[in-house]
Amino acid sequence: MLTSQTIPVDFRAPPPSPVASGKTSSLTNDDVLSEFLETSLRVPNLVLPDKIFPKQKNLETPPKVDFVSLCFHEDEAVYDVVSDSMARIGCFQLVNHGIPRELMVLTAESALGIFDVAAEKRAAVMMTEEKAWGFEEEGMGSELSEEFVWCIDEELKLKMEAILPIGYPKFSQKMETLLSRIEKVAEKIDLVMLKKFASDADIIINRGHQLIGSLCCIYKYHNQEDNVTEKWVDSLRYDVIRMLIKGTDYSHSLCLHVCDGSSEFHIYSKKSWLSFRPEESALIITCGDQTQIMSGGHYKHVIGRPLFKGDNKHNTSMAFLYSSQYNKKICQTNRNIGTISLGQQVILAIILNLVYHVLLYVHTFF
């Protein structure tokens, strides 16, 4: 017979699961997981082999080319010399270009005042991903030189005039005068260089296209020590690695270097390294990435840097990066056709390496 008394129900917790033999404890598993995460999430040090930096060659000096003969007389023999040099070493020296040496020297001397700006004031005119002009961020460049990128830009003008109200307008006026002369020379050379790689219609279109605003990279060089060449090579290697990973900082057709008084000029591409003593008052013309693309890879894109030796504290150089809107549009179209950059390949390799270690861990311990 049922009663109204409640019969208590006996609830018992299940016994703990035994640790199987051959398996590690949870503490050990935690240690293994921690070690795995520490190892896998550490970004590896990517060291490029020394062989990507070929031995320096001093056996060849780029040809000296007369500007009038090349661009106005249309001398085929001169064109062949230029075409051959740009294809092999990506460089030639331009003489009789019509730009007064005095203008180049005075503009370079005027640029020295830019680098007298105090560090705290430079912060307002620092290069960023959005702004291609200004001072290079501290610690990002070479210890042998300082860099300032100039262009015709209203924001840059206003900021620099607020810092250097007297000096900058005079400097900027000289730069604009020199830039206009440089661009006229560059336009002529650009048309001549690509005449065998473009149709007549393309050349006419290019001739009528406006410039997209040339940039000028201005460098001030510090006093050079006895081991300057070794330090300079290390700096150049940094620039080359940066070019290999992210491409050139500023896409351009031609770079016209004003480096009067330099002891040497060094040219580096992905496959060769050449140094020579430049001709006095000559413009050093180096091939840009756009010209390499427009020529179907016939011409060689290179990096060029002057080297100054001695105790002179006022060494400066200027590198004018020329490009037309038409060239840039064509090159951007060509780059977008199934191209995977080296930087993207590195990121993909890191991701695959991480996935591999995760799968290996899961397979081993579960």
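How many disulfides does the count come to in this structure? The model is a predicted one, and in it the count comes to 0 disulfides. For a reader new to the term, a disulfide is a covalent bond between the sulfur atoms of two cysteines. The case of C259 helps to show what lies behind the count: C259 is in no disulfide, and the nearest cysteine sulfur, which belongs to C91, is 9.4 Å away. Because a disulfide is a pair of cysteine sulfur atoms within 2.5 Å, a separation of 9.4 Å between the sulfurs of C259 and C91 does not qualify. As for its surroundings, C259 has a relative accessible area of 5% and is therefore buried, and another cysteine, C71, also counts as buried, with a relative accessibility of 9%.

A serine can be examined in a similar way. S263 is placed in the loop between two strands, β6 (254–258) and β7 (264–268). Is S263 buried or exposed? Its relative accessibility is 16%, and because buried means under 20%, S263 counts as buried. When residues up to four places away in sequence are not counted, S263 touches R277, P278, L307, F308 and K309.

One of these partners, F308, leads on to the aromatic residues, since ring pairs link F308 with Y219 and Y221 into a cluster. A pair of aromatic rings is described by the distance of the centres and the angle of the planes. The structure has 7 aromatic pairs by the rule used here. In one of them, the ring centres of Y219 and Y221 are 6.4 Å apart and the planes stand at 35°, so this pair is tilted. Both of its members are buried, Y219 with a relative accessible area of 10% and Y221 with one of 6%.

The rings of Y268 and W273 likewise form a tilted pair, because their centres lie 6.4 Å apart and their planes are at 50°. Here, too, the two residues are buried: the relative accessible area of Y268 is 2%, while that of W273 is 8%.

Finally, an aromatic ring may have a charged group as its partner. Which residue has its charged end over the ring of Y79? That residue is K195, whose charged end sits over the Y79 ring at 4.6 Å from the ring centre.

Definitions and conventions
Residues are numbered from 1 along each chain as its sequence is written. This is a predicted model: local features need pLDDT of at least 70, side-chain atom pairs count only at pLDDT 80 or more; totals for chains, interfaces and linings use all residues. Side-chain values use heavy atoms; hydrogens and water are left out. Buried means under 20% relative accessible area, exposed over 50%, partly exposed in between (1.4 Å probe, protein chains only). Helices (H or I, at least four residues) and strands (E, at least two) are DSSP runs, numbered from the N terminus. Contact means heavy atoms within 4.5 Å. Rings of Phe, Tyr and Trp (its six-membered ring) pair if their centres lie within 6.5 Å; planes under 30 degrees apart count as stacked, over 60 as edge-to-face and the rest as tilted. A charge sits over a ring if NZ of Lys or CZ of Arg is within 6 Å of the ring centre and within 35 degrees of the ring normal.
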